[in-house]
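Here's a quick briefing on how two chains sit together. Have a look at the model first, then read on.

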Protein chains: 2
Amino acid sequence: MRELQSQEIEDIAVGAAILGSGGGGDPFIGKLMAVQAIAAHGPVRLVTPDELPADGLAVPVAMMGAPTVVVEKIPNGQEIGRAFAALSSFLGQEVVGIVPIEAGGLNSMLPLALASTLGIPAIDLDGMGRAFPELQMVTFHLGGISATPMVIVDEKGNQCLLETIDNLWTERLARALTVQMGGSAMIALYPMTVWQAAQHGIQGTITLAERLGRALREARQTNRSPIDRLLEVGHGYRLFTGKVTDVLRRTAGGFVRGDVRIEGLDSCRDYILTIAFQNENLVATIDGEVIASVPDLIVVLDAETGLPITTEALHYGLRVAVAGFPCAEQWRTPAGLEVCGPRYFGYDVDYKPIETVRLPWA
Amino acid sequence: MRELQSQEIEDIAVGAAILGSGGGGDPFIGKLMAVQAIAAHGPVRLVTPDELPADGLAVPVAMMGAPTVVVEKIPNGQEIGRAFAALSSFLGQEVVGIVPIEAGGLNSMLPLALASTLGIPAIDLDGMGRAFPELQMVTFHLGGISATPMVIVDEKGNQCLLETIDNLWTERLARALTVQMGGSAMIALYPMTVWQAAQHGIQGTITLAERLGRALREARQTNRSPIDRLLEVGHGYRLFTGKVTDVLRRTAGGFVRGDVRIEGLDSCRDYILTIAFQNENLVATIDGEVIASVPDLIVVLDAETGLPITTEALHYGLRVAVAGFPCAEQWRTPAGLEVCGPRYFGYDVDYKPIETVRLPWA
């Protein structure tokens, strides 16, 4: 067990937004919520699963919907507690650990804010090791755990308890509710034992996010290249350097979808990189050739500061570096690729691990 | 208390489809379900509210969605029991009376089938005295009763418990779920005390349906005009006689919407009647003049047999009589008209009671 104070929270927010691969929500909003909670209720107790009873109840919480909406409709911090309490009360069991469902500027922070507020430990793992747009895209799903009973709430006070026949139906029904609720909603789902969380989750995601965020902060303070430090800590690859010249973005059906076009600078001059996204960056293409794709992480960073730029924050004129990081091993299995490989998202390409990419100018 | 056997069920199914004003589902499917239930579990006990404890729990059940879909996706009779049991279990209270939410070929029968199956009395009232397409269009809503907690289920096994801030939100969220569930779903909602049901419901709807159905049957057996008998028993008006020459019908958003065009015969020759519908018949127009509108009942009947024709069964070539019946008094108040007057449905006309209509050839 260790305690997370404001400094750790700031680092985690930035690092989680990097792992968020463009999705998972804005790190600034997320950080504010967690820092406020800590000021009011004290530090977050971060634990590994073996510090909790194996048969205790662990519950992931998250924001669902289009991150573009959350920027306008900032969560007040109460909703997530309402979803959490309703699920716990339905199960008639006390929750011993709160779990982030994914890494992301907001979706890593919401569980930490709730952990501080309720005085319940947060468990240092998640269900993606990155962010993904749909509910079944978690390692808990690969592990056969049901997403339901699930509670979904909005900021107005509407609430819904779902019990479905499978996790694809959960996604389908919860997405329709999210759209009606205004494009974003708060959820508590995949209730499981601590043992199941340990068995099927991706270990150490919060600590990894913290290391990434801290590396970035320290590099900026010591005049080292923040991006090189990030690639070092995260075992990543620099895919591209350039300027954003076009963003096509559409918020519909409970997602934000679009493409960003980046014109190369320096060694990438004369090349154009396109990234397709659905909440998260999905597929990066140069001249029709895919150079990186889900489930690997495609991360757009500010070229100067190395700070991550989420898909809803992309805009004309930004100078950016694009980095690729290998995803968790679970996603590289046939079952993992079926759930969130490029074909699931409608791209007729085979997944190639980021380690094998050859860049045209290399 | 009286017992309903197969003959009563047959009469009620037909009479309820007449009151259904084109909606509320197919009387043939509804009748089959109820008759089967009675064969297996015995007759339905039909009671008036004063035969039950005033503080006992009364629960309406219904089919929600587009009747066009139900014809293809016939309910198996289990779903409605599942919705009912889930709501009763959530409330932790035994249900003493089952209530039809509306009159309709299917939606009057589902509660009776369930009442027979579970051996729980059905209460002789409903929330509309007719059928309407949306959840808040019930006199229980006018009486300030919350539609939630509400349970919605599909035939696949998905289930959702809604708790909303008002009944318009219930309609909105449940409609989105219905669409995802394939266009129709089974619901249990507006849980209330028997006293509230008596206070706010429309009394005697099942008995009225039975009287209409029986009048039709007996008129056919005695060679009297079935339509004249119906108008007599239901205090209705003959609005039109003609032939269906066009039906525009679209099933989308959890409703069936459209228009039917009827060319006049006999005294109506040279006139064309158009009826706009959304599950139910909403507005009847001759040469741009509205001759009848919601909340009054507009009913299309087979010109020969007097049997009601639901909006999903309308087709080219049918010879029909169109009848108008006055709605329940609750709907004629300003509050009632706000909920289901013509303006709610987008028609910029004032509601005129059917009793004041002047037909162009009269």
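Leu161(B) is the residue of chain B that comes closest to the rotation axis, with its C-alpha at 2.5 Å. Keep in mind that this is a predicted model. So what surface does each copy use? The same surface serves both copies, and 100% of the contact residues of chain B turn up again in chain A.

**How the copies are related**
- A turn of 180 degrees, with a shift of 0.0 Å along the axis, lays chain B on chain A with an RMSD of 0.0 Å.
- That's the relation of a two-fold axis.

**Where the chains touch**
- On chain B, 17 residues are in contact with 17 residues of chain A.
- Two elements of chain B give two or more residues each to the side that touches chain A: strand S8 (159-163) and helix H7 (167-180).
- H7(B) gives the most to that side, with seven residues.
- As for chemistry, the residues on the side of chain B that touches chain A split into nine nonpolar, five polar and three charged.

**How the strands pair**
- Strand S8 of chain A (residues 159-163) pairs with S8(B), and the two run in the antiparallel sense over five bridges.
- To see one of these bridges, find Glu163(A): its bridge partner in S8(B) is Gln159(B).
- Leu161(B), the residue of chain B closest to the rotation axis, has a number that falls within the 159-163 range of strand S8 of chain B.

Methods. Residues are numbered from 1 along each chain as its sequence is written. Chains are lettered from A and ligands numbered from 1 in the order in which they are written. This is a predicted model: local features need pLDDT of at least 70, side-chain atom pairs count only at pLDDT 80 or more; totals for chains, interfaces and linings use all residues. Copies are superposed by least squares on the C-alpha atoms of residues with pLDDT of at least 70 in both. Two residues are in contact if their C-beta atoms, placed from the backbone, lie within 7 Å. Helices (H or I, at least four residues) and strands (E, at least two) are DSSP runs, numbered from the N terminus. Ala, Val, Leu, Ile, Met, Phe, Trp, Tyr, Cys and Pro count as nonpolar, Asp, Glu, Lys and Arg as charged, and the others, Gly among them, as polar. Two strands pair if DSSP finds at least two bridges between them.
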